[in-house]
Amino acid sequence: MNIDYPASGNTLADPENASSRVPAVPAPWNLTGRGFMVLYKFNREFFNEKAFLPPDEGITPAGGLGALMIADYASSDAGPYSELLFIPGKVHVNGGRWHRITKIYVSTMDSVLNGRKNWAIPKELAEFHFSKRNDLEKIEVAASGGTFFQMEIKVAGPRFPVSTKLLPFPLLQGKQGSYLQTNFSGRGRGRLALIRSLQSNQKYFPDLSAARPLIAVSIDPFNILFPPASEIDAP
């Protein structure tokens with residue numbers, strides 16, 4: 001499988017120019033849809049070289065599970081949209097151990113701007129394409145005219161309940177002195193999945209081609225609640 005990398009830039013539009021046209025949608029958000037979650041255990045080398053951690057904030061790895069997540073939201077308070085995100089695992093920041101979204105793309109500017117404002121999630125804009133044949137699904141994500149992420153994944157097996165009560169991801173986003181902490185919650189129906197192929201351009205999204213997943217799960221349907229964030233002062 002070939003992948004066409006974007007020629008330049010990593011967004012489809014300038015958020016600053018769009019901000020006056022996008023209505024504010026404060027938290028909480030209730031979201032429904034379907035998606036995939038792939039869990040990993042990354043080593044320190046991956047954290048240092050591929051995880052998109054800010055180099056000037058003294059953030060260091062703290063173990064825990066990392067995740068690749070893909071969502072196709074049928075509904076949200078900001079309307080339907082698609083999403084690709086990466087969490088490298090827990091990190092030491094602000095005197096605690098937190099999960100942190102270090103790279104995330106969504107398909108609408110409403111989600112980009114409101115996600116940044118509500119939770120300090122560093123969303124960027126991209127185009128998404130989902131295609132499905134039987135139990136094999138292909139997801140492609142593109143920006144600036146080129147595809148930078150492709151995954152083919154096959155779903156099989158019986159359904160089982162999935163909940164963040166069993167696998168919580170407490171988030172701490174933002175920069176030193178202006179952190180926002182969020183505990184989102186969700187539940188749905190899962191099925192095991194097998195990644196048939198995965199390619200991404202490290203310039204735009206972590207290169208996971210050599211990483212071995214611990215487990216991949218298709219979740220369809222799901223419900224997620226993103227509450228208002230809490231401000232946390234730097235120590």
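Buried here means under 20% relative accessible area, a cut-off that comes up in most of the close-ups below, all taken from a predicted model.

**View 1. Helix H3, tucked inside.** Helix H3 covers residues 109-119, and 8 of its 11 residues are buried, so the rest of the structure largely encloses it. The buried ones are Met109, Ser111, Val112, Leu113, Asn114, Gly115, Asn118 and Trp119. Have a look just past the end of H3 as well: Ala120 takes a positive phi there, about 60°.

**View 2. Aromatic rings around Phe42 and Phe46.** There are 14 aromatic pairs in the structure. One of them is Phe42 with Phe46, a stacked pair with 4.2 Å centre to centre and 10° between the planes. Phe42 has 11% relative accessibility, so it counts as buried; Phe46, at 9%, counts as buried too. Zoom out a little and ring pairs link Tyr40, Phe42, Phe46, Phe86, Phe149 and Phe205 into a cluster.

**View 3. Tyr105 meets Phe148.** This aromatic pair is tilted, with 4.6 Å centre to centre and 45° between the planes. Tyr105 sits in strand S7 (residues 103-106) and Phe148 in strand S11, so the pair ties together parts that lie 43 residues apart in sequence. Both Tyr105 and Phe148 are buried.

**View 4. Glu140 and its company.** Glu140 belongs to strand S10, which runs over residues 136-143. Its side chain makes a polar contact with the side chain of Gln150, at 3.4 Å. Not counting residues up to four places away in sequence, Glu140 touches Glu127, Phe128, His129, Thr147, Phe149 and, once again, Gln150.

**View 5. Val155 in strand S11.** Strand S11 takes in residues 146-155, with Val155 among them. Is Val155 buried or exposed? At 10% relative accessibility, it counts as buried. Setting aside neighbours within four places in sequence, its contacts are Phe36, Asp135, Arg191, Leu192, Ala193 and Ser218. Pro23 makes a handy distance marker: its C-alpha atom is 37 Å from that of Val155, with the two positions 132 residues apart along the chain.

**View 6. A nonpolar patch on the surface.** Leu192, which we just met as a contact of Val155, joins Leu214 and Ile215 in a nonpolar surface patch. Together the three have about 270 Å² of accessible area. Ile215 is part of strand S16 (residues 215-226), and its 35% relative accessibility means that it counts as partly exposed.

Definitions and conventions. Residues numbered from 1 in each chain as written. Predicted model: local features only at pLDDT ≥ 70, side-chain atom pairs only at ≥ 80, totals over all residues. Heavy atoms only, no water. Helix = DSSP H or I, 4+ residues; strand = E, 2+ residues; numbered from the N terminus. Polar contact = N/O pair within 3.5 Å; in protein donor to acceptor, adjacent residues only side chain to side chain. Contact = heavy atoms within 4.5 Å. Buried < 20%, exposed > 50% of the residue type's maximum accessible area, 1.4 Å probe, protein only. Patch = residues over 30% accessible without salt bridge, like charges linked within 9 Å, V, L, I, M, F, W, Y side chains within 5 Å. Areas by Shrake-Rupley, 256 points an atom, 1.4 Å probe, with all protein chains shown as cover. Salt bridge = Lys/Arg side-chain N within 4 Å of Asp/Glu carboxyl O. Phe/Tyr/Trp six-rings, centres within 6.5 Å; stacked < 30°, edge-to-face > 60°.
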